[in-house]
Amino acid sequence: MRCWVLRFAAVLALAVGVLAPTAAVADPPRRVAIRVDQRGFHPSTVEARQGERITLVITRVSERGCGTEVVVPSRDIRRPLPLNEPVEVTLRLAEAGRLAFTCGMGHMRGAVVVRESD
């Protein structure tokens, strides 16, 4: 019952303009699953649109290789990749181009290719 009351209050607040509509209806980031094994990232390339937010859900599935962490150099992101545990990296893609990500040693490479918005 309490959950229903809270939802009703939020809808009512939105209707009378107390809450900003963009805060209530913001789209969640698109999720992209990426697997890491001894050969690299799979898929190694992800396509996205300019202005989009995406969450890379990266799971290391092999103890072999150097895929024990993911690095996004241009965003100063470095995250450990524990074996068989998904790790989320959310990115806001404001500019068109190629956003590289690598393993900690830079041997395994991947990229988010950001296309201009239509």
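Here are a few notes on the strands and one aromatic pair in this predicted model.

1. Start with the sheet. This is an open one, with 4 strands in the order β2-β1-β4-β7 and mixed pairing. The edge positions go to β2 (40-42) and β7 (87-92); each has a single partner strand, so one side of each is left without a neighbour in the sheet. On average, neighbouring strands here are turned by 30 degrees against each other, if you ignore direction.

2. Now look at how β2 is held at its edge. Strand β1 (residues 30-37) pairs with β2 in the antiparallel sense, over 3 bridges. If you want a spot to click on, take Asp37: its bridge partner in β2 is Gly40.

3. Which rings make up the aromatic pair, Phe41 and what else? The count comes to 1 aromatic pair, and the partner of Phe41 is Phe101. Their ring centres sit 4.9 Å apart with the planes at 85 degrees; anything over 60 counts as edge-to-face, so that is what this pair is. Phe41 belongs to strand β2 and Phe101 to strand β8 (residues 97-103), so the contact ties together parts that are 60 residues apart in sequence. Buried or exposed, these two? Both Phe41 and Phe101 are buried.

4. Last, the hairpin. Strands β5 (residues 69-72) and β6 (residues 77-80) run antiparallel and are joined by 4 bridges. Across from Val70 you'll find Arg79 in β6. There are 4 residues between the two strands, and in that turn Asp76 has a positive phi of about 55 degrees.

Key
Residues are numbered from 1 along each chain as its sequence is written. This is a predicted model: local features need pLDDT of at least 70, side-chain atom pairs count only at pLDDT 80 or more; totals for chains, interfaces and linings use all residues. Side-chain values use heavy atoms; hydrogens and water are left out. Two strands pair if DSSP finds at least two bridges between them. Axes are lines fitted to C-alpha atoms, for helices over the stretch in contact, and angles run from 0 to 180 degrees between N-to-C directions. Rings of Phe, Tyr and Trp (its six-membered ring) pair if their centres lie within 6.5 Å; planes under 30 degrees apart count as stacked, over 60 as edge-to-face and the rest as tilted. Buried means under 20% relative accessible area, exposed over 50%, partly exposed in between (1.4 Å probe, protein chains only).
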